[in-house]
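Visitor: I should be grateful for a close look at one part of this protein, namely its strands and the helices and side chains that accompany them. Please take me through the arrangement step by step.

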Amino acid sequence: MLEHNRNQDNGESSAQPTGVELPPAIRADLLDPALWHDGLAKYARATNLAVALADAAGRLIGETINPRPTWSLLHATASGGRQPPDFSSHQGADAPHSPAGCPFSLAPLSPCNCVADALARAGFVVARDRTGLVHFAVPLVLGGHPLGALVAGQVFDQYPEQLPLEQVARQLGLSPAQAWQAARLEHPVKRATLEVYADLLATLGQTFLQTRYHTILAAERRGQERTAEANEGRARLLKQVLSAREEEQRRIARDLHDGIGQSLTSLLLGLRAAAEVPTFEEARGRLGELRGITASLLDEVRRLARGLRPSVLDDLGLAAALERYAADYTHAHGIAVDVVAPDLALARLPAEVETALYRIAQETLTNVLKHAAAKAVSLVVRRELGGSSGVHLTVEDDGRGFDSDALLQAPGAGKGLGLLDIRERAALLNGSVTLESRPGSGTTVHVCIPLREENHDEDSRPDR
């Protein structure tokens with residue numbers, strides 16, 4: 001039976017989702033009993049009331065906190081496998097049955113709709129049952145959206161009456177004396193005190209809803225920002241990859257024109273000249289020259305093929321590929337490159353890791369050629385096993401060096417194709433890049449890539 005109703009100002013802020021339907025996931029998060037438990041437990045201890053969280057249909061969510069002695073005794077019997085008695089039979093044949101929704105309704109005088117009534121009236125509602133136990137419900141509403149209610153009480157608001165309590169106990173199959181003994185030990189809570197407790201519970205509920213909702217919104221904003229940053233990074237990387245591809249195509253076109261193109265032109269002119277010589281001996285001499293041009297042309301084609309994708313990387317692994325590249329680099333530019341990779345002699349790395357480290361080494365040596373004016377370069381690859389399994393690439397030159405701190409702090413730092421390309425390749429495998437340099441002291445580039453498979457995201461794949 002409804003005995004009291006009072007409207008409350010829930011203090012809703014403009015940031016609440018007024019007029020916007022709450023998604024089911026947010027509703028479920030807002031009514032997660034695990035998130036409510038600590039706050040409700042503190043409230044229950046302070047007020048000595050039982051507290052429960054219910055959804056908008058009045059169904060219990062989670063467990064009742066701090067159940068009271070008399071109610072616990074009756075509830076344990078009513079929910080222990082027995083068919084609960086129909087306490088509304090005295091209301092007449094047409095009286096509606098008590099809904100199973102109210103978590104505190106055991107022996108209602110009439111169907112207990114405390115949750116629905118609290119939501120409809122936007123205020124707390126008090127209900128009493130046949131035992132004399134009293135409970136109340138306060139609505140949980142966010143931005144005009146009814147979410148559920150907090151139900152508390154199951155205490156006596158006046159000294160219990162023995163006769164109705166014993167009647168309920170008999171109907172539940174309990175000893176009337178046992179039920180009365182538990183009830184007479186409980187101290188009644190005055191109605192005015194219950195109203196204060198209801199105000200406190202309403203404030204607790206609305207504060208939690210607002211705080212949790214803002215937390216959810218903040219988490220969604222952070223997720224959107226991270227997604228935007230990731231998309232921006234992918235777009236930047238794609239731009240750099242396209243730039244690198246265009247640069248590579250220009251380099252190949254230049255090599256084809258300046259190297260292979262000139263050799264083919266020489267070969268063609270030589271063949272024409274050989275066809276016009278008057279004697280066989282002169283023709284043989286010309287053919288010997290053309291054989292040399294053809295061999296040089298073949299070497300140039302092989303060099304270009306190794307630059308595009310060295311077969312030795314696929315066949316023999318990173319160490320052999322780096323040694324071959326270092327030999328070609330030294331032969332072409334006169335800069336000595338010492339490769340040390342003892343840990344890779346017997347074990348292969350994942351294909352995407354080998355490709356990334358090979359390309360990073362290529363880019364680093366290209367930067368040495370362009371900027372360092374170095375005479376020698378040390379290239380070391382080592383592998384670490386154990387809990388922090390990873391592979392480390394260190395490239396150190398004896399060139400002119402530069403102020404790395406000033407470079408990295410300058411506007412647009414790392415925007416150059418070289419350093420950014422190195423960092424992006426490492427980042428695709430969750431790796432890191434460290435740059436150390438001082439004027440006159442050379443430069444050291446250190447790259448670390450983890451080898452645990454779970455550290456490689458979906459972008460970890462060989463270059464194509």
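Guide: What follows is a connected account of the strands, beginning with the open sheet and ending with the aromatic pairs. Please bear in mind that this is a predicted model.

The open sheet consists of five strands in the order 7-8-9-11-10, and its pairing is mixed. Its edges are strand 7 (336-340) and strand 10 (432-437), each of which pairs on one side only. From one strand to the next, the twist averages 10 degrees. At one edge, strand 7 and strand 8 (residues 376-384) run in the parallel sense and are joined over five bridges. Within this pairing, Asp338 stands opposite Ser378 in strand 8.

Two helices pack on this sheet. Helix 10 (residues 318-333) touches strand 7 and strand 8, and its direction makes about 170 degrees with that of strand 7. Helix 11 (residues 351-372) touches strand 7, strand 8, strand 9 and strand 11 (443-450); its direction makes about 10 degrees with that of strand 9. There is also an aromatic cluster, formed by Tyr325, Tyr329 and Tyr358.

Strand 9 (residues 390-397) contains Thr394, a useful residue at which to pause. Leaving aside residues up to four places away in sequence, Thr394 touches Ser378, Leu379 and Val380, as well as Thr444, Val445 and His446. With His446, the side chain of Thr394 also makes a polar contact of 2.9 Å.

A second group of strands centres, for this account, on strand 6. Of the twelve residues of strand 6 (residues 145-156), eleven are buried, so this strand is largely enclosed by the rest of the structure. Strand 2 (residues 50-55) pairs with strand 6 in the antiparallel sense over six bridges, and the bridge partner of Asp55 in strand 6 is Gly148. Strand 5 likewise pairs with strand 6 in the antiparallel sense, over ten bridges. Here Val134 stands opposite Val155 in strand 6. Strand 5 and strand 6 form a hairpin with two residues between them, and Gly143 in the turn has a positive phi of about 60 degrees.

The aromatic rings come next. Four aromatic pairs are counted in the model. One of them joins Trp36 and Phe208; the pair is tilted, with 4.1 Å from centre to centre and 40 degrees between the planes. Because Trp36 belongs to helix 2 (residues 33-47) and Phe208 to helix 7 (residues 191-276), this pair ties together parts that are 172 residues apart in sequence. Trp36 has a relative accessibility of 3% and therefore counts as buried.

The pair of Phe124 and Phe136 leads back to the strands: the ring centres lie 6.0 Å apart and the planes stand at 85 degrees, so the pair is edge-to-face. Since Phe124 lies in strand 4 (residues 123-128) and Phe136 in strand 5 (residues 133-142), the parts tied together are twelve residues apart in sequence. Phe124 is buried, at 1% relative accessibility, and Phe136 is buried with a relative accessible area of 1%.

A remark on the cysteines completes the account. Cys112, at 10% relative accessibility, counts as buried, and so does Cys114, at 1%. The count of disulfides in the model is zero.

Key:
Residues are numbered from 1 along each chain as its sequence is written. This is a predicted model: local features need pLDDT of at least 70, side-chain atom pairs count only at pLDDT 80 or more; totals for chains, interfaces and linings use all residues. Side-chain values use heavy atoms; hydrogens and water are left out. Rings of Phe, Tyr and Trp (its six-membered ring) pair if their centres lie within 6.5 Å; planes under 30 degrees apart count as stacked, over 60 as edge-to-face and the rest as tilted. Helices (H or I, at least four residues) and strands (E, at least two) are DSSP runs, numbered from the N terminus. Buried means under 20% relative accessible area, exposed over 50%, partly exposed in between (1.4 Å probe, protein chains only). A polar contact is a pair of N or O atoms within 3.5 Å; within protein, one must be able to donate a hydrogen and the other to accept it, and residues adjacent in sequence count only if both atoms are side-chain atoms. Contact means heavy atoms within 4.5 Å. A disulfide is a pair of cysteine sulfur atoms within 2.5 Å. Two strands pair if DSSP finds at least two bridges between them. Axes are lines fitted to C-alpha atoms, for helices over the stretch in contact, and angles run from 0 to 180 degrees between N-to-C directions.
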